[in-house]
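User: I would like to learn how the words used for a protein structure are justified. Could you take me through some examples?

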Amino acid sequence: MATSRSRKRMKICITLITIGILTEAIQKRDVIVDVPETQSYKSSGYVITHFSGSGFNNQIHQILNGVAFARALNRTYCLPPFVRRKSDEINSRATLTDFSEIFDIRHFRKFVTLESIENCSSLCRNRVDFIINMSPNKMSVQGYERQNTMKLMGFDSKFSELVKFKRFKNLQRSWAEWHTELQVVSELKIQREKCLELFQPFPAANLIVNGNMKILSASLQFSNSIEEKAKRIAEDLFEDSSYISVHWRYEYQEKGESKCRKKNLKVRGSGDVCFVIFLKKQRSELKDYLNFGECRGCEKYLLFVRLEDLGSALADFQTSMGGLEIYLASDAEPRVMEKLRKYIHFKTINDSKIGFNLLANESMEVLSAVEQGICALGENFIGTSYSTWTTTVWMLRSHLHGEQNRIHGFLEHLTSVKT
C-alpha cells in the first residue's frame, strides 16, 4: 500500500506529465488553448515581485515569472500594480496602475492562487521574510529602495536587517534557462518563510517561453476594456479589412535608455536610423530573434540604416503580403514619422479620431496596451527584435493566431534593409 509521501510524489508527477502532454498537444495543433484548470493546492505562503526601474513590458514579463514560481512552489501570488518609472513621469513621481485594468486575470486564477497586493501586505505584516535576488547584480540599499517600489505596495521591509541576518539568497543567472517546475522547487523549496520576495525576476524565464509553463505566457490576454478600445480603433482605421501591423522601436527617444546615443557597442552601417542588435548564435526560428532580456553569448552591435531603406523594406514586405495596409506603432517623434511617410504609406493611432482622443486622456500604460492590442489583431506582424514590447505582442498573438502566425519578421532583419 502506497504511503502518504509516495502518493504525494505520484500526484506531483501526474500533474507535471499532464502539463507536458498539454504543451505537446498545443505544439502539434499550432493553436494555444485556454489555460487548463489546475488541481487546487494548499498555499504554503506568498510570493511578491519587486521590480525596480524597469519599464512596462519588462514588468509584464517579471509578473509572468512570479506567477510561474508561485505555482511551482505551491504559493499564493501577490498580484502587483504596474509601477511607472520616474523617468517616464513629468512630475518625477512613481505612479501605480492596477494589473486588472490592463489584463484579464481570470486566466491566471486557473493557474495559480492570487491575492491582491494590499491583502498580501496585511497578511505579511507589511514585511517580507526573505529575498530571492534574481538580478545579476549584487543587491544594495540604493538599488533596493529605488523609487520606493515596495513601500508604494505597502511593504516596509528593513533591507539592512534582512541582509544582516542573511535573509536572502542570490540565484545563479542560470535560473533564466530553467525549463521545468522541478528546477524551481529544487532550488527554492527549502525556503520556509511565509513571504518571499523575488527581486527583479527579469528576463522572461525559459520556463514560461519554451518550458513546461509556456502555456502561461501564451494565454496572456488583455482586459475587455483594452480589447474593445483596440478593436474600435482598428475598425476606425481599416473598417473590416485585414491589415499588417508593425512595431518600430525608435532608439533616439528623449527619455529613457538609448544604447544608440551612448554608442558603447560596435557600429555597423550608416544612416539616420539605429537598431540595437542582440543576436543569438543559434537561430532556427523567428522566435530566436526575440528579446527576453540580457542575452549572454550574443553578438551585440548597433546597426545604422537609412530611413529610405526602412521604407523600402516595409514596401517590399507589404507587397509580399498582397498589398495590405500597414498599422505602425512607434515611439518615434512626429517629424521622423512624417519623413518615413515619404517612402511608405501607413496609419497610426493618431489617424483615428478614437485613437486621437485616447492619446489626450489615457495613461501611457493604457495607450501602450491598446497599441499592442491593435498589433495583435493584425493579419501579419513584424516587430523590432531588441524590444520587450514586440515580445509581449508575440505572446498576445498566440491565442488569436496560433503558434505559426505569431510573428513574421523583424524590421532590422528584412532583406531589403541595406547595411
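Analyst: What follows is a short set of questions about terms, each answered from the structure. This is a predicted model, in which local features need pLDDT of at least 70 and side-chain atom pairs count only at pLDDT 80 or more, while totals for chains, interfaces and linings use all residues. Residues are numbered from 1 along each chain as its sequence is written, and side-chain values use heavy atoms, with hydrogens and water left out.

User: Why is strand S8 called largely enclosed?

Analyst: Buried means under 20% relative accessible area, with exposed over 50% and partly exposed in between (1.4 Å probe, protein chains only). In S8 (residues 195–199), 5 of the 5 residues are buried, so the strand is largely enclosed by the rest of the structure. Cys195, Glu197 and Phe199 cover one side, and Leu196 and Leu198 the other.

User: What makes S1 and S8 a pair?

Analyst: Two strands pair if DSSP finds at least two bridges between them. Strand S1 (residues 46–50) and S8 have 5 bridges and are parallel, and therefore they meet that definition. Histidine 50 stands opposite phenylalanine 199 in S8.

User: How do you know that serine 330 is in contact with Trp248?

Analyst: Contact means heavy atoms within 4.5 Å. Leaving aside neighbours within four places in sequence, serine 330 is in contact with Trp248, Tyr250 and Met337. A polar atom of the serine 330 side chain lies 2.9 Å from the backbone oxygen of tryptophan 248, so this pair lies within that cut-off.

Terms used. A polar contact is a pair of N or O atoms within 3.5 Å; within protein, one must be able to donate a hydrogen and the other to accept it, and residues adjacent in sequence count only if both atoms are side-chain atoms. Helices (H or I, at least four residues) and strands (E, at least two) are DSSP runs, numbered from the N terminus.
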